[in-house]
Amino acid sequence: MDSDPLAHLRQQIDALDSELVALLGKRLAVTKQVGEIKSRIGLPIYVPVREAQLLQKRRAEAEALGLSPDLIEDLLRRIMRESYQTQHVRYQCTKPDLGKVVVVGGDGALGSVFVEMFERSGYQVEILEKEDWHRAQDILSDAGLVMISVPMKLTEQIIAGLPELPEDCLLVDITSTKTGPLEAMLEAHKGPVLGLHPMFGPDVSSLVKQVVVVCNGRMPERYQWLLEQMQSWGAILNESTAKEHDDAMAFIQVMRHFCSFVYGAHLAGENPPLEQLIQFSSPIYRLELAMVGRLFAQSPDLYADIIFNNKDSVALLRRFQQRFNAALEVLESGDKGAFIKEFFHIGQWFGDFAKKSLVESKKLLLKADDDRA
């Protein structure tokens, strides 16, 4: 009897794993060619229908072979994510006659992302920073697109201080509030105007599946090319009015970030052993803790601007405080029935999204388990 009865089987597994790595290498080479062709003929890097069809077919094949369809889908999604990254090299320029793109604040974290994307698409790009402002008139005089990417508290001031732009120049901002900046741009410039809010941070590896909120300003036919350009980068565009956007951001950004801030402040004040909290936490709680920790690894100025600059922040958070206090009173009274009744009521409000969230979170938790050493 062999000293290790599993040795032969392990050798087979090692050989099969090597074959799998070689196949992935071949697939990667093909996807690089796909990216080159997409760039040449102007196809978007991300095509949702194609991805959905591919996953559906592979799931059916997996089921026929007695494999877990979920396993195959998870594996393919990870592989496709890598494929998108290999295709993130260059893109077709949707408006080659545009002229110069000027990104005001282009050396900043998010501004630099757009500088890179425009450069990858073949545009002539120039950055305008505060030390260049004495040359702003010359830099902007022949611009086809001016993008404002400065701290939120400075956005409207910078827009108001712009020199006169060429009449056909497109003026765009990418700040996280829209009503004020959009009004400022419409006042400062007589040509096409567009408000954008990229719902991602500067640490994204590409724009594939990243959401950008689009708030129309003036002359939409004159900036359709930019929307098409962002779609070619793989971005998902969602249209909204400026008011609808700002109302939603009070919940999506302000409330979420403020609650994370308070959660972090409470932990710091109570001073429990953080490493022990991490070790004792199940994947879902580690993810929640990671989302809080992530906040404090970023710019405090950015999050202060997001929270302080939304006019609805205080009223919304006061209502949240009232509901927190009401829930605490139920706990103090020991009324489990009232708690369960409210729990069901909230669950009905979430509807099918609650069940969908349960399924999606399970996938995230499996990934969190895989990453744990």
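Student: Which helices each supply at least two residues of the lining of the second largest pocket?

Tutor: In this predicted model, local features need pLDDT of at least 70 and side-chain atom pairs pLDDT 80 or more, while totals for chains, interfaces and linings use all residues. Residues are numbered from 1 along each chain as its sequence is written, and side-chain values use heavy atoms, without hydrogens and water. A pocket is an open set of 1 Å grid points where a 1.4 Å probe fits, with protein on both sides within 12 Å along at least five of seven lines; its lining has an atom within 4 Å of a point. At least two lining residues come from each of helix 9 (242–270), helix 12 (300–308) and helix 13 (313–333).

Student: Where do domain 1 and domain 3 lie, and how many Å apart are their C-alpha centres?

Tutor: The domain assignment places domain 1 at 7–87 and domain 3 at 245–333. Domain 2 covers 100–240. Between the C-alpha centres of domain 1 and domain 3, the separation is 38 Å.

Student: Which strands stand at the edges of the open sheet?

Tutor: The sheet has 7 strands in the order 2-1-3-4-5-6-7, with mixed pairing (at least two DSSP bridges per pair). A strand at the edge has a single partner strand, so one of its sides is left without a neighbour in the sheet. The edge strands are strand 2 (124–128) and strand 7 (236–239).

Student: Which residue of strand 6 is the bridge partner of Leu-194?

Tutor: Strand 5 (residues 193–198) and strand 6 (residues 211–218) run antiparallel. They are joined by 6 bridges. In strand 6, Leu-194 has as its bridge partner Asn-216.

How values were computed: Helix = DSSP H or I, 4+ residues; strand = E, 2+ residues; numbered from the N terminus. Domains from an automatic or database assignment.
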